[in-house]
Amino acid sequence: MPLSRPILLGLGALLGAAALLLLPKSYKRILLVGNSQFDGNYTLGGRLAELLRRRGFDVQVLARYGKGAAIGGSYFLADRLPSKLKSFKPDLVIVSLGGNDASRYHSLSKRAEYQKIIRQWARIIRGSGAELMWFTPST
């Protein structure tokens, strides 16, 4: 279906959206979780949600501006994630976090905390029965 205006997506999100269309499994409910890149209608997450909805997916977004996985008050997302998984029951969760964590203003000591939190979130998400795609900056 052609869109009325161009959508510019980051490479990771573009690959993720393409993967959704190519995967043999049929997803119905998709939860997008992220920071400012996902928070709002004209952000990467907002546009990705629009694209997926136009393809027939039921999409919800859990995002907060300025939040990372290990810094910036990740409690906002972490506290809401289990209840959102329980109420929405997504088949797939797409997480886009890490940009705020990878900032040059944060020390490398956050790396272990970041890895621990990613593993915790992955266990929570997979424990809900949903599949997980996590996009984060490369290092």
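## Strand Pairing in the Sheet

In this predicted model, I30 has V59 of strand 2 as its bridge partner. This pair belongs to a parallel pairing between strand 1, residues 29-34, and strand 2, which extends over six bridges. V33 likewise stands opposite L62 in strand 2. Strand 1 also runs parallel to strand 3, residues 92-96, to which five bridges join it. Within that second pairing, L32 of strand 1 has I94 of strand 3 as its bridge partner.

The sheet as a whole is open and consists of four strands in the order 2-1-3-4, with parallel pairing. Strand 2 (58-63) and strand 4 (131-135) occupy the edges; each has a single partner strand, and therefore one side of each lacks a neighbour in the sheet. From one strand to the next, the twist averages 15°.

## Helix 2 and the Crossover

Helix 2, residues 44-54, packs on the sheet and touches both strand 1 and strand 2. The direction of helix 2 makes about 170° with that of strand 2. Together, strand 1, helix 2 and strand 2 form a β-α-β unit of right-handed sense.

## Burial and Nonpolar Cores

Strand 1 is mostly covered, with five of its six residues buried. In soluble globular proteins, nonpolar side chains tend to be buried together. The largest nonpolar core of the model comprises 18 residues, and the members touching the most other members are L31, V33, L81, V93, V95, W121 and I125. At least two residues of this core come from each of strand 1, helix 3, strand 3, helix 4 (110-127) and strand 4. The greatest contribution is that of helix 4, with five residues.

The surroundings of V33 illustrate how these elements meet. Apart from neighbours within four places in sequence, V33 is in contact with F38, L62, L81, V93, I94, V95, S96 and W121. A second, separate core contains 14 residues, including F38, L48, F57 and V59. Thus F38, a contact of V33, is a member of the second core, whereas V33 itself belongs to the largest one.

## The Loop Residue D91

D91 is located in the loop that connects helix 3 (75-88) and strand 3. Its relative accessibility is 19%, so D91 is classed as buried; the cut-off for this class is under 20%. When residues up to four places away in sequence are not counted, D91 touches Y27, K28, R29, A130 and E131. Of these contacts, R29 lies in strand 1, residues 29-34, and E131 lies in strand 4 (131-135).

Technical notes. Residues numbered from 1 in each chain as written. Predicted model: local features only at pLDDT ≥ 70, side-chain atom pairs only at ≥ 80, totals over all residues. Heavy atoms only, no water. Pairing = 2+ DSSP bridges. Axes fitted to C-alpha atoms, helices over the stretch in contact; angles between N-to-C directions. Contact = heavy atoms within 4.5 Å. Buried < 20%, exposed > 50% of the residue type's maximum accessible area, 1.4 Å probe, protein only. Right-handed = clockwise from strand over helix to strand, strands pointing away. Core = buried A, V, L, I, M, F, W, Y, C linked by side-chain atoms within 4.5 Å.
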